[in-house]
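Good morning, and thank you for joining this group meeting. Please look at the sequence and the structure together as I speak.

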Amino acid sequence: MATMKIGRGKKRLVLDIGSSAVRLCEITQTKTGYQLSKYFQREYSSDPNIPEEEAKQTRIAAVNALLKEAKVSTKKTIFGVPGQSVFTRTRALPPVPEYKVTQIVKYEIQQQIPFSLDQIAMDYQVLDRTDAGGYEVMMAAIKVDVVEKHLDILNAVKRSIDVVDVCPLAAYNWLKHTGEFGDQGECVALIDIGASTTDIVIERENQFRFTRPLNVGGNDITRAVAAAFDLNFKDAELLKRQKGFAPTGDPQRDGKGGEVIGQALQRIVSEIMRSFAFFRSLPGGGVVNRVVLTGGGACLRNIVPYLQRQLGVEIRIAQPLAGITVTPGAQAVNDAPEQACVALGLALRCCERVPIELNLIPPRVLEIARRREQYFYWALVVVTLVLIMASVIPVKANENKQVLARTNELTQVLRRYDPALVSNLKPGEPVPESERKSEFLAVRSKVQNMKKAVDALDNAVVQRTFWLDQLEMINASRPAGNKVWLSNIETSRLKKQARQDRGGRGGGGGADPMGLMGGLMGGMGGLMGGGMMGDDGTGVSSSGFPGIQGTGGKMGAEGGMGGMGGLMMNPMDMMSGGMGRGGAEREAPKIKRPNGMSIIGYAADDQSMRAFVEELKRQTRRTDNGLTLAVKEVYFNEGAVERVEWSALRNARTNAGSYGQGGMGGMGGAMPGGGTGLMGGMAMMGGMMGGMGMMGGMGQSAATARRINPANAILAFTMHVEFDFGYAIEDDTPAGPAAGPGAGGMFGMPGFGMPGMPGMPGMPGAQGEGGAPGMPGMPGMFGMPGVNSAAPAGGTE
């Protein structure tokens, strides 16, 4: 709650203004611990029959005399109010945000006290957090009128308020500091027997649990003695201190005085026992194991054995001076140390944090303090403005000159960076360029290159578990029982296909006899390239593992050695324009990043194989870098599954052509090569042979499959798994410079003229990129000369 801050380490006036005495205390910090540097005490009559105003003036006079004796000039004061004037409750609050705890406390207090919030001073402290995440809170409230009575005394002696503590809680804080409660988690009760009240504070498991004030105290014993022996209150108090004692249980020994005091003490004991019983019934309560006795009532002779006999628990008088050094200026504390606990607990708040830190300052005092603080800051602001104005005016002219000179200097510097900004340009006049523009462009280019490098590193971090995540998902999909075995897992670029893919078109030679060999060589390229990868029945094309690429071109993944016809060399090339750009490099192609896996494996039975496929389709995984990896599609055709013997596992296949049907292959290599001359069409034979899947291997015959015993058979299958990575992957990894186009095609076939007719035009030889044109047609026989046809400028790749 909003309370005034306590200045720890700063001097404060500490006053314990009780009903029978006022005590002043001062504690200082030393290298060896705390020392009691000042302790003064002034007593006055606590007769309840004295009028209130007279009692007030008596307290003011005692406080004033005490301040003069102690020679204390500190203004801000810490004092305590009696426990009977304070409403205290311990409540378990639900798990709510901390800022709502204040609202709940206000509501709880308003439900318990029949006064409006502006008539009370309140505070709370969170004692502990519950297992459910809630709060164990101690709430305290006091009527403002009670605090105002103490403030009247302070105002009379020209002192101000800093902290309003609760007397029994201050005594508890000090005895907790000195270790009086121990650290074994016992249930220990502090009983402070004062003049007008008796306060009980209970700790259990090393934590504050309960406090309760009793409206009986030492004055009740004094009044009983005064009534029994017909004395006034002052004489009865003196008799009690000099000769009074708690009853021993022997009537002859106790006499009338023991009997009278015993009757008064019995009322106190009864209230204490009722309080202990109530505490046992509370949540978190328990049986009190030990009692620590403080206050003026602890000075009564024989009080310890009497209470021990009545309560049935261990009783001991507190030792508040344990662990503290008493200076010569504080020797008065040794007269009755058990009465100093409250004053010492109040002084402790100036030095360190204490277990219970309540501050019951009235709202009016808080508001006055807040306004004074505001007034102070406003006054400081006004003084600051006045000083600023007083310092500015005399030097204003000189500063203007300095500012103008500085402006001109900065204008010259700015002209180098942005001349248009400081130039008075006329309409249509070109804008001058900055001297720093070229430097800026160079730096920007460098920054962009650095950004690309950083982006590449970021992408590498995201994809660092690129393959491991996929392999884990595939392995996790295998059914239990070791019924699915994988012989080959290959990264691949997968793509659906509407029909069987074919290899590229092989290049042909020209339309002359030499071109025929070029076509045949191109067809062989189709055989060696296009037939390498066929359809495995899944309806998807798989690039297969591209391998480690060198700096040169790659060997026909799309047709391999197609176009070898264009590489034929014979001396006649010199006549037909020479070699083309067969060895030249062109822009390197890009390797498509694999998007899945091609799997070759075996299954013990149909159920295990289907279970593996279905589990693959359901797989999804959250990667360590926070992204999601899932199976996008599983390409699998049960019609392509083969039944093989168990012995196949000893030499398990590692490619799709080992047992399956041969791939359909292409019609020729797809790499650039020679032209497609007339006779170059012979190259189609090579492509057709590749299309037959000769390089893919032949499948088993039906007769062989029938000879397999189903009892000793397993299933061989091939499938492709496409993954959804949940993030963008690089799809343009360069493979290195590709091989250039093949050499130019051979010269064309000569034309032949029919008798008496003009010769047919010579057919131009198709050529590769940069190839030579076809040769002129030969003259017609018995006719007019043949007409040459112009060769095209470029050939067909």
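Helices in this talk are DSSP runs of H or I with at least four residues, numbered from the N terminus. By that definition, D145 has its place in helix α3, which covers residues 144-156. The model on display is a predicted one. D145 counts as partly exposed, with a relative accessibility of 45%. Its C-alpha atom is separated by 8.0 Å from that of Q119, a residue 26 positions away along the chain.

Let me now turn to the chain as a whole. The protein chain contains 18 helices and 24 strands. It has 797 residues, of which 41% count as buried. Among contacts with a separation of 6 or more, 77% join residues that are 24 or more positions apart. The accessible surface amounts to about 42500 Å², and carbon and sulfur atoms hold 56% of that area.

I shall spend the next part on helix α16, residues 606-618. Does the distance between its ends agree or disagree with its number of residues? At 1.5 Å a residue, the 13 residues should span 18 Å, and the end C-alpha atoms are 19 Å apart, so the two agree.

Which residues of α16 are buried? They are S608, M609, F612, V613 and L616. These residues cover an arc of only 135° around the axis, and therefore they lie on the same side of α16. A general point about helices helps here: an α-helix has 3.6 residues a turn, so residues three or four places apart point the same way. On the other side of α16, Q607 and R618 are exposed. The cover over the buried residues includes helix α14 (466-477) and the strands β15 (484-492), β19 (596-603), β21 and β23. At the start of the helix, a side-chain oxygen of D605 comes to within 3.3 Å of the backbone nitrogen of Q607.

My last topic is charge. Side chains of opposite charge can pair when their charged atoms come close. In this model the count of salt bridges comes to 29. I have chosen a few of them.

One salt bridge joins K632 and E722, with 3.8 Å between the closest N and O atoms. This pair links distant parts of the chain, since K632 belongs to strand β21 (residues 628-636) and E722 to strand β23 (residues 713-724), 90 residues apart. Is each partner buried or exposed? K632 is exposed, with a relative accessible area of 54%, whereas E722 is buried, at 11%. Both β21 and β23 have already been named, as part of the cover over α16.

Another salt bridge lies within a helix. The side chains of D220 and R223 meet at 3.1 Å, N to O. Both residues are in helix α5 (residues 218-229), three residues apart, which is about one turn of the helix. D220 counts as buried because its relative accessibility is 13%, and buried means under 20%. R223, at 37%, counts as partly exposed.

A further pair is R204 and E205, whose closest N and O atoms are 3.7 Å apart. R204 is partly exposed, with a relative accessible area of 23%, and E205 is also partly exposed, at 47%.

Finally, salt bridges may join into a group: E43, E237, K240 and R241 are linked in a network. Thank you for your attention.

How values were computed
Residues numbered from 1 in each chain as written. Predicted model: local features only at pLDDT ≥ 70, side-chain atom pairs only at ≥ 80, totals over all residues. Heavy atoms only, no water. Helix = DSSP H or I, 4+ residues; strand = E, 2+ residues; numbered from the N terminus. Buried < 20%, exposed > 50% of the residue type's maximum accessible area, 1.4 Å probe, protein only. Contact = heavy atoms within 4.5 Å. Areas by Shrake-Rupley, 256 points an atom, 1.4 Å probe, with all protein chains shown as cover. Salt bridge = Lys/Arg side-chain N within 4 Å of Asp/Glu carboxyl O. Expected span 1.5 Å × (residues − 1). Arc of directions from axis to C-beta. Polar contact = N/O pair within 3.5 Å; in protein donor to acceptor, adjacent residues only side chain to side chain.
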